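Biologist: I am new to this entry and would like a careful, close look at one part of it, taken slowly and with every term explained. Please begin where the chains meet and follow the picture from there.

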Amino acid sequence: MREIMTSSGDGQHIMLSTDDLRRNIVAGSVDAAQKGKIDGLTQAEINHLMDIFRQPAKTVSVEPGKEVIVSDDGAGLMASWGRPSAGHAIPISDHQSILMYERVYCGDTCGLGFPDYSYKPVKSAIGYARSHYKAISMLTTIPLVYGSQPNMGMYYHPSGPIEPPFDHFSKGEFEKGFQLQEEAARIMCNDIYYVAEQLYEVGCEAINLDTTGSAGDAEFWGVLQVVEDIKTKLPDMPVEMGMAGEEVIGMHGKLTYQGERLAGMYPHQQVEMAAKAGVDIFGVAVNSDTSESTPYNLARAVTFMKAAANNSPIPVHANSGMGVGGMPMTLLPPVGCSTRCAKALVEIGKADGL
Amino acid sequence: MGTGDSHGVAIAQIISSCMGGIRTAGDLVAWMQLTCKMKIDQAKESVAQKLNLNLQDLTNETTMSKVRSEKGLGSVIPDHVEYMGIAAKSKIAKLLDVPIHSVNLYEKHLEK
């Protein structure tokens, strides 16, 4: 029987038999279903995912009519950016890179941001961000979304003003640790709102709070509150919120939003909170396991994605970049994996976009 | 959000599953998601209704090229159309009847 070529979670090519492919898909779906307490994939969905991996073509695509919106977190700037962000470092401007993304690659929306992709450093470079946004938004026709990460970890020593709460946890000083996280969240909120307001003044069409929850439940808690502020005080500015992972890590553990404990929430619960705060498009992030196969990781991602899409009153996009959405954790993902992840997240996961 | 980070992933995923941006009606459907919180099917139906097209036409490059040119909605070939950038977005906001903040601000500046 023909073996199926796919990848491991670190991007290495691997070969699987049909039986192994099915075992990997079932295991990934069962893992997501158990962790999230959600429905696993049905037999028909497992067969559909099997078919996607078994297609002999190098790349696959969705059926005509099932196309979705593709949003991004810096893909439009990939050509012009170099380090510290992932990029090709071609000596062209961000203006040129974004117009290429709009008119050559034909993305549906495009992200703009600062190479040090967190709101804290953007605050220091706000004049640059404003003029950059204003000039480029005059030229673009597709929605231009300003993106950055809340990245609450940057507010702790040594890069920020707040003592690391974990030093206190290790001494059993829990209340102090909680208080420090809440303080970091408040400063983060002020920075995010400042940037949003400054960009709003130059006509910002939408803002993206990308990789939300990377520092745990206190970060998610803070971001939900700043979304409320943005939606209340800056009318007609849509908000996208993309998550950092499938589970909100309980670094604090006690924080709630509208009566719901945030720690331990999975995508189908996260999206409910985001919608209540006023988010317009929510991005589901499901992390890949580098020691598992892409079929395993994709089955997991699709299972979480489907539960979130079914439970959501707002459009849900699947984060499908490096190490999320079934994608291998590598800078150079095999094109067969990229397209198979996209097809499965849309056709089985019922994503409204990528 | 969406695609990104890894080298080459955006191009692969755009071809695999994207509506096609200004090559078709992708940006119009995206505006409906962003400004009206519409899920994909509802957003497509809304745009199709406003353009008096069927759903299949939204990703038909030939049809949409003509529609975009006639209505001034921008194109991948800027010198083939009258409107691009903020001018096209102004037309899009009126056609879809949605608020686009950059357009609102620009029009406010023109009135001063």
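Modeller: In this predicted model, the contact between the two chains takes 52 residues from chain B and 67 residues from chain A, where two residues are in contact if their C-beta atoms, placed from the backbone, lie within 7 Å. On the side of chain B that touches chain A, at least two residues each come from α1 (9-17), α2 (26-36), α5 (85-96) and α6 (101-111) of chain B; helices (H or I, at least four residues) and strands (E, at least two) are DSSP runs numbered from the N terminus. The most is given by α1(B), with nine residues. Sorted by class, this side of chain B holds 25 nonpolar, 21 polar and six charged residues, with Ala, Val, Leu, Ile, Met, Phe, Trp, Tyr, Cys and Pro counted as nonpolar, Asp, Glu, Lys and Arg as charged, and the others, Gly among them, as polar.

Residues are numbered from 1 along each chain as its sequence is written, while chains are lettered from A and ligands numbered from 1 in the order in which they are written. Since the model is predicted, local features need pLDDT of at least 70 and side-chain atom pairs count only at pLDDT 80 or more, whereas totals for chains, interfaces and linings use all residues.

Chain B itself has six helices and zero strands. Its C-alpha atoms fill a box of roughly 45 × 30 × 30 Å along the principal axes, and 53% of its 112 residues count as buried, meaning that 20 or more other C-beta atoms, placed from the backbone, lie within 10 Å of a residue's own (12 or fewer makes it exposed, and anything in between partly exposed).

In chain A, an open sheet of six strands runs in the order β3-β4-β5-β6-β9-β10 with parallel pairing, two strands being paired if DSSP finds at least two bridges between them. At the edges stand β3 (110-112) and β10 (316-318) of chain A, each with a single partner strand, so one side of each is left without a neighbour in the sheet. From one strand to the next the twist averages 25°, with axes fitted to C-alpha atoms, for helices over the stretch in contact, and angles running from 0 to 180 degrees between N-to-C directions.

Within this sheet, β3(A) and β4(A) run parallel and are joined by three bridges, one of the partnerships being that of Gly111(A) with Val145(A). Strand β4 (residues 144-148) of chain A also pairs in the parallel sense with β5 (residues 206-212) of chain A, over four bridges; there Val145(A) has Ala206(A) as its bridge partner, and Ser148(A) has Leu209(A). Five of the five residues of β4(A) are buried, so this strand is largely enclosed by the rest of the structure. Leu144(A), Tyr146(A) and Ser148(A) point one way from β4(A), while Val145(A) and Gly147(A) point the other way.

A further link between the chains lies in the largest nonpolar core, a set of buried Ala, Val, Leu, Ile, Met, Phe, Trp, Tyr and Cys residues joined through C-beta atoms within 7 Å. Of its 138 residues, Ile207(A), Val284(A), Val302(A), Met305(A), Leu345(A) and Val29(B) touch the most other members. Leaving aside neighbours within four places in sequence, Met305(A) is in contact with Val284(A), Ala318(A), Leu345(A), Gly349(A) and Ala351(A).
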